[in-house]
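Reader: I would like a close look at a single part of this protein, taken slowly and with its surroundings included. Please begin with one residue and work outwards from there.

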Amino acid sequence: MFAYRAAALFLVGLALLLPNLAQSQEQLSLEQAIRIGLQNNYDIRIAGRQEAISENNVTLGNAGFLPNVDGRASRTFSENNSRQEFQTGPDRVRDGASSNNMSYGVNLNWVIFDGLGMFINLERLKALEKSGELLTKQTIENTLADITASYFEVARQSSKIKAIQDAIAISEARVEIAQAQYEVGVSAKVEILRAQVDYNADRSELLLQEEALQNAKINLNQLLGRNPDLDFVVTDSIMVDPTVNYSVAANSLNAANPLLQRLQLERQLAHLDIRSVRASRFPTVSVLSAYNFSRSEAEPLNEFQARFNQNRGYNYGLSLNVPIFNGFNINRQAQNARINLETANLELQREENRLQADLARAYSQYTNRLQLLELEESNLKLAQENAEIALERYRLGILTAIELREAQRNELVASNRLIDIQYQAKAAEIELKRLSSTLLQETQM
């Protein structure tokens with residue numbers, strides 16, 4: 001009964017596969033795509049370098065705990081011509097008087113008390129290190145979500161090609177039937193032409209769909225940090241997880257979302273800024289020490305000038321710096337620090353509100369698409385059965401070409417609608433897991 005359709009579908013599929021047989025295509029699973037992306041994605045690699053910088057900055061020296069030690073050395077040579085005239089006595093003229101001076105020393109400056117500012121700086125550096133880690137985690141989760149969505153976008157476009165191939169199979173069978181009926185004299189040539197026009201229209205639609213598939217592959221290759229022209233075939237189909245729970249996702253969002261955690265760190269940094277301003281009101285105590293050596297050799301210009309001079313020694317002591325008045329700048333800095341803290345609180349509340357709204361929208365789409373999936377799966381079965389019956393009735397001459405074309409298009413529309421709903425449900429699932437920071441956990445399991 002369905003011999004025409006099966007034969008036509010085989011021929012169309014074989015024609016589409018022949019160009020690909022000349023070159024082997026990579027079989028790419030979702031797990032492989034994620035592994036490649038985590039290794040090669042440029043955003044992840046850049047975030048990793050930034051995290052390394054924030055990690056390197058967490059040192060006692062950068063916080064101000066350690067002393068500063070400077071060494072200096074100099075060596076100078078000079079040659080002078082001198083002429084001296086006196087009230088009594090002869091004039092003195094000296095040509096080519098040379099001198100040789102050398103000096104070196106070591107200076108130490110160690111701040112031992114700055115109002116606990118160095119401890120505050122160390123806390124700030126640790127908070128910035130943690131913020132760098134969270135930024136890397138956020139980048140990985142966002143990239144992982146993009147890779148997963150792009151992977152299933154390739155799967156969606158591939159599925160749509162298969163749906164168009166089914167439609168082409170019907171169109172090709174219709175052309176053969178119209179040709180056979182024309183040859184036996186039961187149909188006009190216009191039916192062959194009309195069938196050929198519809199067949200060409202379906203082939204044109206297939207070419208456009210192949211372009212959409214190629215663009216989807218390019219996008220995925222870009223996320224994976226690969227050559228955009230690299231061809232592959234996805235092996236995982238779109239399977240929606242129906243077990244995502246809204247309450248669990250909401251709780252995980254508040255507890256584990258890296259963006260919210262980074263904003264909480266920004267609030268902590270604002271608190272540290274307030275403490276740092278308070279610390280600047282205290283005096284600063286430093287330990288000072290130095291060792292110096294100097295030596296000079298010169299041809300004297302008169303009897304009062306030494307020919308050789310050398311000094312060496314060291315000194316040490318304490319330095320106290322007490323802030324008394326600096327134009328009310330400390331008060332200004334304290335006010336700005338409190339404003340920054342209020343801003344950090346508002347930014348945290350704003351992002352909490354936005355992410356909760358994003359979660360609610362994603363879950364609404366997720367539950368709606370799960371319900372639509374059952375309906376559209378049933379609709380597709382009906383449309384496929386109707387198209388098969390229509391093709392057989394057309395072969396028997398009891399159905400018009402327009403009615404067959406309508407049944408054919410209904411099947412294609414139903415198939416594409418189901419594919420789109422599957423993808424939308426999967427995209428909503430991915431977004432829910434990204435917001436709740438469970439997508440990365442599932443990848444690591």
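Author: Leu355 sits in helix α9, in a model that is predicted. With a relative accessible area of 3%, Leu355 is buried, because that value falls under the 20% limit used for the term. Setting aside residues up to four places away in sequence, Leu355 touches Leu253, Asn257, Leu259, Leu260 and Leu435. Along the chain, Leu370 lies 15 residues from Leu355, and the C-alpha atoms of the two are separated by 22 Å.

One of the residues that Leu355 touches, Leu253, leads to the packing of two helices. Helix α7, which covers residues 246-256, packs with helix α9, which covers residues 329-395, at an angle of about 155° and with the two axes 11 Å apart. Because angles over 145 degrees count as roughly antiparallel, α7 is roughly antiparallel to α9. The crossing in which α7 passes α9 is right-handed. On the α7 side the contact is made by Tyr246, Ala249, Ala250, Leu253 and Asn254, while α9 contributes Leu355, Gln356, Leu359, Ala360 and Tyr363. Sorted by class, the residues of this contact between α7 and α9 comprise 8 nonpolar and 2 polar, with no charged residue.

Another pair of helices gives a further view of packing in this model. Helix α5 (residues 117-183) and helix α8 (residues 258-279) pack at an angle of about 165°, and their axes are 9 Å apart. That angle makes α5 roughly antiparallel to α8, and α5 passes α8 in a left-handed crossing. The residues in the contact of α5 with α8 divide into 11 nonpolar, 6 polar and 8 charged.

Just ahead of α5, Leu116 lies in the loop between β3 (92-113) and that helix. Phi of Leu116 is near 70°, which is a positive value in a residue other than glycine. Leu116 counts as partly exposed, because its relative accessibility of 49% lies between the limits of 20% and 50%.

Leu435, which is also touched by Leu355, directs attention to helix α10, whose residues are 401-435. Within α10 is Asn416, a residue that is buried at a relative accessible area of 16%. Once neighbours within four places in sequence are left aside, Asn416 is in contact with Lys160 and Ala163.

Beyond that helix, Ser437 has its place in the loop between α10 and α11 (439-444). Ser437 has a phi near 60°, again a positive value in a residue other than glycine. At a relative accessible area of 2%, Ser437 is buried.

A word on confidence belongs with this account. The average pLDDT of the protein is 88, and 91% of the residues score at least 70. Over residues 1-23, however, pLDDT stays under 50, and for this stretch the model has 28 contacts beyond four places in sequence.

To return to the starting point, Leu355 is a buried residue of helix α9, and Leu355 is among the residues through which α9 makes its contact with α7.

Terms used:
Residues numbered from 1 in each chain as written. Predicted model: local features only at pLDDT ≥ 70, side-chain atom pairs only at ≥ 80, totals over all residues. Heavy atoms only, no water. Helix = DSSP H or I, 4+ residues; strand = E, 2+ residues; numbered from the N terminus. Buried < 20%, exposed > 50% of the residue type's maximum accessible area, 1.4 Å probe, protein only. Contact = heavy atoms within 4.5 Å. pLDDT = per-residue confidence, 0-100. Axes fitted to C-alpha atoms, helices over the stretch in contact; angles between N-to-C directions. Parallel < 35°, antiparallel > 145°, perpendicular 65-115°, else oblique. Left-handed = near helix turned anticlockwise from the far one by under 90°. Nonpolar A, V, L, I, M, F, W, Y, C, P; charged D, E, K, R; others polar.
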